[in-house]
Amino acid sequence: MTVLPSYVKVFAPATVANVASGFDVLGFAVSHPGDTVEAFSRVAHGVTLQGITGDRGRLPHGEGNTVVVAVRELLRRLEKPFGVDIVLHKGMPLSSGLGGSAASAAAALHAVNVLAGEPLSPEELLRCSLEAERAVSGSVHADNAAPALLGGFVLVRSTDPLDAMTLPVPPGLTVVLVSPDIEISTALARRMLPTKIPLKDAISQLGNLAALVASLFSDNLALMGRSLSDLIAEPIRAELIPGFKGVKKAALAAGALGCSISGSGPAMFALVGTVTQAEVVAKEMQNGFKVAGLKATSYISEVGAAGPRVVEKG
């Protein structure tokens, strides 16, 4: 007879969404930063978010938190539901464009699934995460949630019905993430976007998206660099990020394949071919924000890192 754990601690990664030309349909996981969840099973049904660290007291503990809604949806799907107490440890800046809410939900869902003996697949957990996103924000896009739960580099063809697939990643491909010390509301960043796109821009965006996917399958970094162009969100959201143009110019001058906004920002990402090159690019991007009067934190990671992982259980 299998003895299920009563406690589990899980880490889930930050994610880069959009990836320039893949607005709302492309995203990938990074090795760090990320969020961590501690989950404790109990007999009484339901879910309680007992505490949150690293948020400076700003995040809700109830229905407004994706962790609560996502775990409640998971428990509803289990044949033999139980209760769970959760403590959330935020490991990344709030409203940074690094997929914080998706990472929190992914860590919590994976943790509770482990407590239950892992009856649900990652794809089923993703459906729980998307239901939580729908309930909390009123809209659904899986370019953060999918890589946070599935790991890797993910293409989301559709959310209804859900159709998401992992893509290959060229060996050595590395991402530089630089997060300036400001916040951007995701809701605001989405409201700023146009409801109609000129046909020529749509054609260019589709061409870049297709070429970016092709570059992943062919290990063609030169093609990847040419494909990291966003004509939809970047021109508008760049206005919210002080020093954006200078930071992007510095990244490209330092050898980055391409540079754009991570999610809705303000974090920016640059893709490079090697870790050594990434260190140079990270320094130059930080200097770019410094010129703009902002402090910034940089992270260097493999592209398409693993999804949630158990840190401890007992």
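Trainee: Which strands does helix 10 lie across?

Mentor: In this predicted model, helix 10 (residues 275–291) lies across strand 7, strand 8, strand 9 and strand 10. To read such a packing, take the helix direction against that of a strand: helix 10 runs at about 20° to strand 7.

Trainee: In what order do the strands of that sheet come?

Mentor: Read the order across the sheet, not along the chain. Here the 4 strands form an open sheet in the order 8-9-7-10, with antiparallel pairing. Strand 8 (258–261) and strand 10 (296–302) are the edge strands, each of them pairing on one side only. On average, neighbouring strands of the sheet are turned by 20° against each other, direction ignored.

Trainee: Which helix packs on the sheet by touching strand 8 and strand 9?

Mentor: That is helix 9 (residues 244–253), which touches strand 8 and strand 9 (268–272). The direction of helix 9 makes about 155° with that of strand 8.

Trainee: Over how many bridges do strand 7 and strand 10 pair?

Mentor: Strand 7 (residues 174–180) and strand 10 pair in the antiparallel sense over 7 bridges. To follow the register, pick a residue and find its partner: P180 has A296 in strand 10 as its bridge partner.

Trainee: Now the aromatic rings. How many aromatic pairs does a search of the whole structure find?

Mentor: The search finds 3 aromatic pairs. For each pair, look at the distance between ring centres and the angle between planes. One of them is Y7 with F40, a tilted pair at 4.9 Å centre to centre and 40° between the planes. This pair links distant parts of the chain, since Y7 is in strand 1 (residues 7–17) and F40 is in strand 2 (residues 26–42), 33 residues apart.

Trainee: Is Y7 buried or exposed?

Mentor: Y7 has a relative accessible area of 15%, so Y7 counts as buried, the cut-off being under 20%. F40, with a relative accessible area of 31%, is partly exposed.

Trainee: What kind of aromatic pair do F28 and F153 form?

Mentor: F28 and F153 form a tilted pair, 5.3 Å centre to centre with 35° between the planes. Because F28 lies in strand 2 and F153 in strand 5 (residues 153–159), the pair ties together parts that are 125 residues apart in sequence. Both F28 and F153 are buried.

Trainee: Which residues form one aromatic cluster?

Mentor: Pairs can be joined into a cluster, and here F28, F153 and F269 form one.

Terms used:
Residues are numbered from 1 along each chain as its sequence is written. This is a predicted model: local features need pLDDT of at least 70, side-chain atom pairs count only at pLDDT 80 or more; totals for chains, interfaces and linings use all residues. Side-chain values use heavy atoms; hydrogens and water are left out. Two strands pair if DSSP finds at least two bridges between them. Helices (H or I, at least four residues) and strands (E, at least two) are DSSP runs, numbered from the N terminus. Axes are lines fitted to C-alpha atoms, for helices over the stretch in contact, and angles run from 0 to 180 degrees between N-to-C directions. Contact means heavy atoms within 4.5 Å. Rings of Phe, Tyr and Trp (its six-membered ring) pair if their centres lie within 6.5 Å; planes under 30 degrees apart count as stacked, over 60 as edge-to-face and the rest as tilted. Buried means under 20% relative accessible area, exposed over 50%, partly exposed in between (1.4 Å probe, protein chains only).
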